[in-house]
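User: Could you take a close look at one part of this model with me? I would like to see how its strands pair up, and then how two of its helices pack.

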Amino acid sequence: MIDYPYYRAPTREAEEDFFRSQSMGRLITRSSSGEMLAGLYPYVLHENQIELHLVRGDVQAKSLRGQPSCLFEVDQVLSYIPSHWQDPENAQKADNFYRFACVRGSATVSDDISNLAAHLGRLIQRNQPEGRHRRLEPDEPMFAAGYGRLAVVWISMNQVDTKFKLGQNYSIETRRSIIAHLRERNASLDHATADEVELWITHYPDISGPVPHR
């Protein structure tokens, strides 16, 4: 992935907001034999770390205990932008908008039940703020079997690579035209895409660049 600076998350706050806005990400690890492994997991951003849980016997949990270096990737697929919104003939104007972030870090794996209960509490609070469940206490008998199967994983955010592809290589006038087309088409992702493009224009109008070679 070529790094065009004008596609990067503009601030650390925007970067963290993106992680908080998504609920699942891809964990990429390497086994002791060098095999690449991938899995999709729910997570929370906690104390500047990615926090998730794995089954203790999972091959990725085993790999992290011996090979802690890993990647954690989060993305948000947004709308397809038809070429004819900009040019009646030039198919090179077609585009896909999206947001992407990849953490390069080192993982710590813990079987400690207190840590696990605290993590699961944060995770369910994020996704089920209405509660309506028994408290996730370390000594709660209802959860004992689950606690015994799981491990909590913390991934340090040593480096974060981002690409928020929202038409920053186009003029503001062109982007406003794309926003209008998105709202008129009104497909499933279009209003969310239009909102992201508009947010960038409003808050970061000076961050743009030359049209990249396609």
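Strand 6 and its neighbours

Analyst: Let's begin with strand 6, keeping in mind that this is a predicted model. Strand 6 pairs with strand 7 (residues 150-156) in the antiparallel sense, over 4 bridges. One place to find this pairing is Ser 110, whose bridge partner in strand 7 is Val 152.

Now follow strand 6 (residues 95-110) to strand 5 (residues 69-81): these two are also antiparallel, and 11 bridges link them. Here you can look for Ser 69, which has Ser 106 of strand 6 as its bridge partner. Strand 8 (residues 159-165) joins strand 6 as well, through 7 bridges, and the two run antiparallel. In that pairing, Phe 164 of strand 8 stands opposite Arg 99.

Next come the helices. Two packed helices are described by the angle between their axes and the distance between the axes. For helix 5 (residues 172-185) and helix 6 (residues 190-203), the axes come within 8 Å and cross at roughly 160°. Angles over 145 degrees count as roughly antiparallel, so helix 5 and helix 6 are roughly antiparallel to each other. Their crossing is left-handed. On the helix 5 side, the residues making the contact include Ile 172, Ile 179, Leu 182 and Arg 183; on the helix 6 side, among them are Asp 190, Ala 194, Val 197 and Trp 200. Taken by type, the residues of this contact divide into 7 nonpolar, 2 polar and 7 charged.

Note on methods
Residues numbered from 1 in each chain as written. Predicted model: local features only at pLDDT ≥ 70, side-chain atom pairs only at ≥ 80, totals over all residues. Heavy atoms only, no water. Axes fitted to C-alpha atoms, helices over the stretch in contact; angles between N-to-C directions. Parallel < 35°, antiparallel > 145°, perpendicular 65-115°, else oblique. Left-handed = near helix turned anticlockwise from the far one by under 90°. Contact = heavy atoms within 4.5 Å. Nonpolar A, V, L, I, M, F, W, Y, C, P; charged D, E, K, R; others polar. Pairing = 2+ DSSP bridges.
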